[in-house]
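Work through the exercises below with the structure open beside you. Try each task before you read its solution.

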Amino acid sequence: MLYFSVPLGKLVRRVSRLRGGGSALPGLVVEKIDPGFMQRTLSTLPLGVAVVSGTNGKTTTTKMVVELLESQGLKVFTNRTGSNFTRGVAAALLGDVDWRGRLDADIAVLELDEAHAVHFVNRVPPRYSLLLNVLRDQLDRFGEIDKTAQLLQHIASKTTGTVVLNREDPRVARIADTLDGPEVRYFGLDDSLLSTFPNDDDLRAGPGSPVPALPAKPHADVVLRRVGTDDADFEYDGATVTTGMKLRGVYNIFNAAAALVLARCIAGNGAAPTDHDGLLKALSEVAPAFGRGESLVVDGLPLDLVLVKNPSGFRLGLKSFPAGGYATMVAINDNYADGRDMSWLWDVEFDSLREGGVDQLSGSRAYDMALRLQYDEVAIGAVNPEIAPALAAFIQGAKDKPKRIFCTYTAMLAIRRELSKITTVEVVS
Amino acid sequence: MSPASEESKGTIRVLQLYPRDMNIYGDWGNALVLQQRLRWHGYTPELLEYNVGDDFPSDVDLIVGGGGQDSGQLVIQDDLLSRESTLKELAEGGTPMLLICGLYQLFGRFFKTRTGSVIPGIGVLDVETHGTDERLIGNVTVSSPEFGDILGYENHSGQTTLGPGVQPLGTTPKGTGNNSSDGKEGARYRNIVASYLHGSLLPKNPAIADFLIRTAVERKYGSFSAGAPDDRYAVLAREHAARRPR
C-alpha cells in the first residue's frame with residue numbers, strides 16, 4: 001500500500017489541478033490510503049517542524065519566517081496556498097515530495113488554523129511553535145476566546161523544542177505558566193506602541209474605567225521599538241537596529257518581530273553560524289502575503305486592499321492606514337469564511353473615518369455596516385451589496401484620489417477578481 | 001445656561017452593568033444605540049458604568065447588561081449577589097433593563113453547569129439555566145407580539161427555561177433561542193427585556209431601543225415626546241439580515 005500512496009496521491013493532485021479543483025482532495029486520498037504519510041515524511045526533516053498559529057497574521061508571519069530561513073541557506077517546506085489544516089498540509093507535501101515520497105527540505109514551517117493545529121500536533125509534535133495572538137475572530141466557529149487560548153496552549157504543550165509567545169497578549173503570554181517541557185521565548189512591543197494594539201479585554205474600557213495592571217513582563221528576544229513610514233526599529237542582543245520595511249501596517253511589523261525570534265532560534269540550531277545581516281535584509285524585503293495590505297495601481301494611483309476580519313484587526317487597519325486624502329470603501333460579507341456573526345462591527349470605533357466619510361459600502365452585510373457608521377456619525381456615499389457594481393462606481397467616482405478598501409475575506413476575493421479585469425493582480429494558485 | 005441644555009427635553013442616566021467583564025459580541029453597540037437615540041429623540045444621555053467593587057450609582061433610569069465568557073461570569077458573580085436587593089428593587093419598581101446572554105442568565109434563579117455545580121443568580125427573573133455540551137450558534141429571527149420581528153445572532157451553550165413568573169420575548173421561526181426544545185426566545189418581566197440575541201440587538205431592532213427609552217423617560221418625566229430618528233439603514237439592514245442563512 002505504502003508504495004502506491006505517494007504516486008497515487010500525486011496523480012490525484014495533477015488531475016484535480018487540471019480540473020481547477022480544491023487543494024485538499026489529493027490530501028484526503030493519501031490520508032485515507034496511507035494515514036502515516038504526513039508524519040513519516042515530516043519526521044525525516046533534520047530541523048523538524050515549526051508551527052505558526054494564532055488568530056491574526058498567520059499567513060504573512062509564516063511567509064516571513066520562510067523567507068528569513070531561506071536567507072540562511074535553509075531549504076524550507078511550507079503550505080503556501082493557505083491550506084492551513086492537516087489535509088491541506090498533506091496535499092502540499094504531495095506537491096513537494098518526489099515520486100518515492102522523499103522531501104528535499106531542512107525544515108517545515110506550517111501555518112495552521114488554531115482548531116486544526118490541535119489535530120496536527122497530536123500526530124506530528126512540532127519542534128518549534130510560534131503563537132501570535134488570540135483576537136476575537138470567528139467566535140461563532142470556536143465559541144469563545146478562552147477556548148481559542150486553550151487550543152494554542154495545547155499546541156505549545158506538544159512542542160518539543162522552543163515555544164515563541166507574544167509577550168503583549170495576556171492570553172498568549174500566560175501559556176508559559178502551563179509549560180514544563182519546552183523552552184519559552186517571547187517577542188515584544190515598546191510601551192509607546194501598546195496603545196495601537198488594543199486587545200479584546202480592553203476594547204471596551206471606556207473613559208474612566210481603570211486600566212488593568214500589567215503583570216511583570218518577561219524578557220523578549222526581539223522588541224519592536226518604533227515604526228516609521230517605511231522603516232522600523234527592532235531591539236535584540238542588546239542593540240537597536242533600524243531597517244527598511246516593505247510591509248505596511250503596525251501589526252504586520254509586530255509580527256515581523258515574532259518571525260525574527262523564531263528564525264533566530266531555528267537558524268541558531270542549524271549547522272552554519274547565523275548570518276545576522278542576511279536576516280535583516282530578508283526582513284526588509286518581505287512583501288505582504290496575498291490580500292493582506294496589498295497595494296495595487298488603478299488609474300495610475302494606489303488602491304490598497306486591507307483585509308479586516310475581527311475588531312482588533314479592523315481597529316489596527318484604521319490606525320495603520322490613516323484616512324486623510326484617500327477615498328474609502330468598506331465591503332463586509334458574512335459567508336462562513338468571513339464569520340457569520342456581525343456583532344464585531346460594534347466593537348470597532350469608526351470616528352477616524354468621520355472627517356472624510358466613506359464613499360462606498362458593499363457586501364452581503366453592507367447595510368449592517370451602514371447602520372454601524374450612522375451610529376458613529378460617519379457620512380456614507382453610496383450603498384450597494386453587489387460587489388462588482390459597487391467597486392466600479394467607487395473607482396469611477398474617485399478617479400483623482402488614491403483609494404483604500406477595507407474588506408472581509410470573501411469580499412476581498414470578489415474584489416480581486418473584479419480588479420484583475422482592469423489591473424495586474426497577483427494570481428495565487 | 002448653555003443652548004444645549006435649554007433644548008434638551010431632559011437627562012436620562014443609562015447604566016452599563018459590568019462593561020469591563022461582561023462585554024462581548026458587540027454589547028457596546030446596545031449602549032451606543034441608547035445614547036444616540038436618546039439624543040435623536042431630543043434627550044441628553046448620561047452614560048454610567050458599574051464594575052466589580054464600584055459604588056452603585058444613584059438615580060439610574062435605564063440599565064443595560066451584556067454577555068461574557070465563563071471567566072467573566074466568575075469575576076462578577078459575588079459582586080452581583082451583593083447587589084441583589086438593589087437590582088431587585090429597581091426591577092420591581094419598573095426601571096427598564098436590557099439583559100443579554102450572560103447577565104440574562106445571572107438575573108435568573110441559577111445556572112447549573114455541565115459538571116453539576118450550581119451558580120446562584122439574583123432571581124429577578126423566574127428562569128433557570130442549564131449548561132450543555134451543545135452550542136447554539138447562528139442567525140435568529142424572533143417573532144414577538146410586542147416588537148414585531150426581532151433580528152439577531154445567538155451563541156450560547158447554556159439553555160434557559162422560563163418559569164410562570166415571566167413571559168417569553170417571542171418565538172423563533174429561525175434559530176433556537178432559550179433552549180433547543182421549546183422554540184421560545186428571551187424573557188419579558190415588568191420593563192425588563194432579556195435575550196440571547198447579540199449582534200448587537202438594539203441597532204437592528206430600534207423598536208426595542210425606543211421601548212426602553214420611552215419607558216425610562218415616562219417614568220422620570222411623566223410623558224415622552226419622540227424625535228424622528230432616521231431608520232432607513234436599520235430597515236434595510238433588517239431586510240438583508242432576515243434573508244441570510246442560519
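## Exercises on a predicted two-chain model

**Exercise 1. Decide whether B:Arg190 is buried, partly exposed or exposed, then look at its backbone.**

Solution.
- Step 1: B:Arg190 has 16 C-beta neighbours inside 10 Å, so it counts as partly exposed. The model is a predicted one.
- Step 2: Locate the residue. B:Arg190 sits in the loop that runs between strand E11 (187-189) and strand E12 (192-195) of chain B.
- Step 3: Read its phi. The value is near 45 degrees, which is positive, and the residue is not a glycine.
- Step 4: Set this against the usual case. Most residues other than glycine have a negative phi.

**Exercise 2. Find where A:Asp299 lies and describe its phi and its exposure.**

Solution.
- Step 1: A:Asp299 is in the loop between strand E10 (294-298) and strand E11 (301-307) of chain A.
- Step 2: Its phi is positive, about 55 degrees, although A:Asp299 is not a glycine.
- Step 3: Count neighbours. A:Asp299 has 15 C-beta neighbours inside 10 Å and therefore counts as partly exposed.

**Exercise 3. State how confident the prediction is, chain by chain, and mark the stretches to treat with caution.**

Solution.
- Step 1: Start with chain A. Its mean pLDDT is 83, and 83% of its residues reach 70 or more.
- Step 2: Mark its weak stretches. Over residues 138-142 of chain A the pLDDT is below 50, and the model gives this stretch 13 contacts beyond near neighbours in sequence. Residues 202-213 of chain A are also below 50, with 16 such contacts.
- Step 3: Turn to chain B. The average pLDDT is 93, and 97% of the residues score at least 70.
- Step 4: Mark the stretch in chain B. Residues 1-5 stay under 50, and the model has 1 contact for them beyond four places in sequence.
- Step 5: Apply the caution. Where pLDDT is low, the predicted coordinates should not be read in detail.
- Step 6: Add the scores of the model. They are ipTM 0.95 and pTM 0.74.

**Exercise 4. Work out which elements of chain A touch chain B.**

Solution.
- Step 1: Count the residues. The contact takes 28 from chain A and 33 from chain B.
- Step 2: List the elements of chain A that give two or more residues. They are helix H7 (139-142), helix H8 (145-157) and helix H13 (366-375).
- Step 3: Rank them. H13(A) gives the most, with 6 residues.
- Step 4: Sort the chain A side by type. It holds 11 nonpolar, 7 polar and 10 charged residues.

**Exercise 5. For helices H6 and H11 of chain A, name the buried residues and say how they are arranged around each axis.**

Solution.
- Step 1: In H6 (residues 114-123) of chain A, the buried residues include A:Glu114, A:Ala117, A:Phe120 and A:Val121.
- Step 2: These cover an arc of only 100 degrees around the axis, which puts them on the same side of H6(A).
- Step 3: In H11 (residues 276-285) of chain A, the buried residues are A:Leu279, A:Ala282 and A:Leu283.
- Step 4: They fall within an arc of 100 degrees seen down the axis, so they line one face of H11(A).
- Step 5: Find the partners. The buried residues of H11(A) pack against helix H4 (58-70), strand E9 (239-244) and helix H10 (250-268) of chain A.

**Exercise 6. Describe how strands E7 and E8 of chain B pair, and say why E8(B) is largely enclosed.**

Solution.
- Step 1: E7(B) (residues 127-144) and E8(B) pair in the antiparallel sense over 14 bridges.
- Step 2: A hairpin of 3 residues joins E7(B) to E8(B).
- Step 3: Check one position. B:His130 stands opposite B:Gln159 in E8(B).
- Step 4: In E8(B) (residues 148-162), 11 of the 15 residues are buried, so the strand is largely enclosed by the rest of the structure.

**Exercise 7. Place B:Asn139 in its surroundings.**

Solution.
- Step 1: B:Asn139 lies in strand E7 of chain B.
- Step 2: It has 23 C-beta neighbours inside 10 Å, so B:Asn139 counts as buried.
- Step 3: Leave aside neighbours within four places in sequence. The contacts of B:Asn139 then include A:Arg340 in chain A, and B:Tyr153 and B:Lys174 in chain B.

Technical notes:
Residues numbered from 1 in each chain as written. Chains lettered and ligands numbered in written order. Predicted model: local features only at pLDDT ≥ 70, side-chain atom pairs only at ≥ 80, totals over all residues. Buried ≥ 20, exposed ≤ 12 C-beta atoms within 10 Å, placed from the backbone. Helix = DSSP H or I, 4+ residues; strand = E, 2+ residues; numbered from the N terminus. Arc of directions from axis to C-beta. pLDDT = per-residue confidence, 0-100. Contact = placed C-beta atoms within 7 Å. Nonpolar A, V, L, I, M, F, W, Y, C, P; charged D, E, K, R; others polar. Pairing = 2+ DSSP bridges.
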